[in-house]
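Okay, thanks for squeezing me in. I'd like to walk you through some empty space today, and then one odd backbone angle. Let's put it up on the screen.

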Amino acid sequence: MITQTLAEITQGFLNDHANMEKLMQNSAWRTQTIPNIQPALHEFIQGYSTFAQLSAELTMPQNGWYVGANNSGYFNISLRKFAKNYIGNNNEASEQFRALLQDLNVRTLGQKIELFYTFLLQEKKRLQGTGLGVRSIISPISSAFIMSQFAHWLDPQGELLISTQYVRESTVKLVRGGLLPNHTELKPRGSDFIISTGAQYDAFLSLFDAVRDTAPQITSLLPLPYWREYFIWWAMDHRKELIISR
């Protein structure tokens with residue numbers, strides 16, 4: 001199914017200078033938002049502001065790079081659902097979320113994904129019991145995306161993968177297409193990789209070890225938090241050339 005070796009494909013990605021320039025501009029834009037977002041996050045974590053105030057800062061247009069074409073505004077939609085249906089006047093839920101964000105960084109991300117997945121699963125059952133419709137509830141599957149996004153803001157130099165639905169589903173295509181080897185116990189469920197535990201997040205990250213091993217310079221040419229994501233974008237944009245048919 002793949003007509004080139006992974007080494008050739010990775011080199012093609014690195015040699016696409018016009019694309020690399022765009023990616024560096026994208027990275028610079030993301031970096032510029034950190035000084036705006038971090039103070040708001042720390043104020044919320046320390047109990048000096050409400051979740052509504054934090055959400056207002058995160059959803060300001062100048063900070064919203066994560067609402068890109070591949071994310072379809074899902075993070076903002078989740079923030080609104082969370083503020084209205086989960087936090088609201090529920091001080092216990094607010095404190096639980098503060099606790100989840102405390103000490104959130106690259107090293108603790110897997111554990112926090114697991115805890116947030118459990119929280120969302122419990123809340124889903126509670127909210128369904130109140131008659132709330134499915135469109136008003138955040139799927140527990142979103143735990144990996146939401147926690148990895150917050151982890152990036154809190155630990156912006158750490159090496160992680162912001163695990164959006166697009167990233168996860170694209171990775172399924174790259175694995176099934178034969179581009180990325182999967183020697184882990186983490187297997188796709190339908191079109192998605194479901195990441196609900198720390199071990200599953202670690203396994204998901206490791207799917208890209210072959211790319212890094214093939215071209216170690218990729219981690220120095222591109223910012224650590226983004227190289228996997230940027231490689232996915234490029235591979236999906238060129239999937240017809242690579243003949244990734246599934």
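So, start with the second largest pocket: Ser 27, Thr 31, Ile 34, His 152, Pro 156, Gln 157, Pro 223, Leu 224, Pro 225 and Tyr 226 line it. Keep in mind that this is a predicted model. The space in that pocket comes to about 160 Å³. Which helix gives the largest share of its lining? That's α2, residues 17-45, with 3 residues. As for chemistry, the lining of this pocket has 6 nonpolar residues and 4 polar ones, and no charged residues.

Now for the closed spaces. Searching the whole structure turns up 2 cavities of 30 Å³ or more. The largest cavity holds about 70 Å³. Look at who lines that cavity: Phe 51, Phe 75, Phe 82, Phe 97, Phe 116 and Phe 150, along with Ser 78, Leu 79, Ile 138 and Ile 146. By class, that's 9 nonpolar, 1 polar and, again, no charged residues. Two helices, α4 (74-87) and α7 (143-154), each bring at least two residues to the lining of the largest cavity, and α4 gives the most, with 4.

Last thing, the backbone oddity. Asp 103 isn't a glycine, yet its phi is positive, about 60°. Where does Asp 103 sit? You'll find it in the loop between α5 (91-101) and α6 (109-129). And is Asp 103 buried or exposed? Exposed, with a relative accessible area of 64%.

That's my tour, happy to rotate the view if anyone wants another look.

Note on methods: Residues numbered from 1 in each chain as written. Predicted model: local features only at pLDDT ≥ 70, side-chain atom pairs only at ≥ 80, totals over all residues. Heavy atoms only, no water. 1 Å grid on protein atoms, 1.4 Å probe; cavity = no way out; pocket = protein on both sides within 12 Å on 5 of 7 lines; lining within 4 Å. Points joined across faces, edges and corners; volume = space filled by probe spheres on them. Nonpolar A, V, L, I, M, F, W, Y, C, P; charged D, E, K, R; others polar. Buried < 20%, exposed > 50% of the residue type's maximum accessible area, 1.4 Å probe, protein only.
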